[in-house]
Amino acid sequence: MKTSPVTAVDLQRSVIAVPPLARHADLSLNPQANQALLRHLESGGVRSVMYGGNANFYNIAVSEYASVIDALADSAGADTWVLPSAGPDYGKFIDQARILRARAFPTAMLLPMSFPYTDAGLAEGVRRFSDALGRPAVVYIKSANYMAPATLARLIEEGRIAAVKYAVVREDPAQDAYLASLLAEVDARYVVSGIGERPAIAHFRQFGLKSFTSGSVCVAPRGSMQLLRSLHAGRFDEAERLREAYLPLEDCRDGISPIRVLHDAVTLAGVADMGPMLPLLSGLDAAERERVAPVARALLAQDGKAVAA
């Protein structure tokens with residue numbers, strides 16, 4: 001596992017995969033399946049892997065946290081950056097920070113809180129987490145006006161934040177006043193487009209972002225990495241063409257559930273058996289699986305053609 005401090009180069013060198021987490025039928029961790037998914041990502045060129053919402057880290061018990069993150073670290077290749085998550089509540093992420101501090105992860109992401117919080121209280125939580133962690137953190141912004149731009153800028157100036165995952169869904173991602181206000185205060189190199197392939201082109205083209213996270217990359221890593229390279233080169237027409245392959249699965253995720261569809265899509269495509277989901281989530285029903293399976297398999301097959309080409 002890569003353990004050097006996080007830099008802009010780290011954020012830009014790879015699509016940041018946000019995979020599901022595999023478990024056995026009894027809900028215990030499945031290290032073999034998680035390693036199979038990591039190898040699939042690495043074989044496609046991915047070198048940054050973030051375990052957050054898609055991995056259902058919201059519901060991981062603190063009592064199993066150390067064993068989970070240790071297994072993920074042990075499964076990663078020497079040049080792969082593994083980024084676990086913590087929280088979202090204060091008590092949980094402070095306990096998790098103490099566990100993380102004893103390990104070599106270069107950072108960890110704070111899962112977004114939905115209620116209750118204040119801007120000042122959230123900032124204090126970031127400070128206390130980074131102190132307990134002994135490193136800067138990644139902040140996950142999933143709702144509009146989650147944190148005031150000036151507050152975010154202050155935390156970056158204090159060395160508290162390594163990166164920001166920006167995942168506020170907009171009908172038109174090119175029209176986003178909150179993202180524009182954040183970037184008026186914060187250098188774009190800190191901000192990662194955090195909603196997959198669909199808004200990535202607008203985030204690069206209109207807002208100057210240089211990296212993006214993806215769930216569908218877990219099925220098709222090669223095409224997603226090609227998309228990232230096209231965006232870095234400013235070949236936006238090529239990027240549009242590459243993105244088309246991902247939209248059917250992204251449509252399923254948006255229409256059913258982003259987390260649940262991705263979890264089962266990795267299994268249905270034949271990449272690795274993710275098993276059941278940890279409560280309070282549940283897997284797809286039979287009709288949903290019938291809808292998702294051919295889409296996931298087609299995306300994997302398309303990725304194989306990209307290699308052959």
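Trainee: Why is Tyr65 called buried?

Mentor: In this predicted model, Tyr65 has a relative accessible area of 0%, and because buried means under 20%, Tyr65 counts as buried.

Trainee: What makes Phe57 buried or exposed?

Mentor: The relative accessible area of Phe57 is 1%, and since the limit for buried is under 20% whereas exposed requires over 50%, Phe57 is therefore buried.

Trainee: How do you know that Phe57 and Tyr65 form an aromatic pair, and why is the pair called edge-to-face?

Mentor: Their ring centres lie 6.1 Å apart, and rings pair if their centres lie within 6.5 Å, so the distance qualifies. The planes of Phe57 and Tyr65 make an angle of 75 degrees, and because over 60 counts as edge-to-face, that is the name the pair receives. By this rule the count comes to 7 aromatic pairs, and ring pairs link Phe57 and Tyr65 with Tyr51 into a cluster.

Trainee: What makes the charged end of Lys165 sit over the ring of Tyr140?

Mentor: The charged end of Lys165 is 4.3 Å from the centre of the Tyr140 ring, and the rule asks for NZ of Lys within 6 Å of the ring centre and within 35 degrees of the ring normal. The distance can be set directly against the first limit; no angle is quoted here, but the pair is listed as a charge over a ring.

Trainee: How do you know that β6 and β7 pair?

Mentor: Strand β6 (residues 137–141) and strand β7 (residues 161–166) are joined by 5 bridges, and because at least two are needed for pairing, these strands pair, running parallel. Within this arrangement, Val139 stands opposite Val164 in β7. Both strands belong to an open sheet of 5 strands in the order β4-β5-β6-β7-β8, and its edge strands are β4 (85–86) and β8 (191–193), each of which pairs on one side only.

Trainee: What makes β1 and β2 a pair?

Mentor: Strand β1 (residues 16–17) and strand β2 (residues 48–50) share 2 bridges in the parallel sense, and since at least two are required, the pairing meets the rule. Ile16 has Ser48 in β2 as its bridge partner. These strands lie in an open sheet of 4 strands, ordered β3-β2-β1-β9.

Trainee: Which residues touch the most other members of the largest nonpolar core?

Mentor: Among its 110 residues, Phe57, Phe129 and Ile141 do so. Leaving aside neighbours within four places in sequence, the contacts of Ile141 include Val164, Lys165 and Tyr178.

Definitions and conventions. Residues are numbered from 1 along each chain as its sequence is written. This is a predicted model: local features need pLDDT of at least 70, side-chain atom pairs count only at pLDDT 80 or more; totals for chains, interfaces and linings use all residues. Side-chain values use heavy atoms; hydrogens and water are left out. Rings of Phe, Tyr and Trp (its six-membered ring) pair if their centres lie within 6.5 Å; planes under 30 degrees apart count as stacked, over 60 as edge-to-face and the rest as tilted. Buried means under 20% relative accessible area, exposed over 50%, partly exposed in between (1.4 Å probe, protein chains only). A nonpolar core is a set of buried Ala, Val, Leu, Ile, Met, Phe, Trp, Tyr and Cys residues joined through side-chain atoms within 4.5 Å. Contact means heavy atoms within 4.5 Å.
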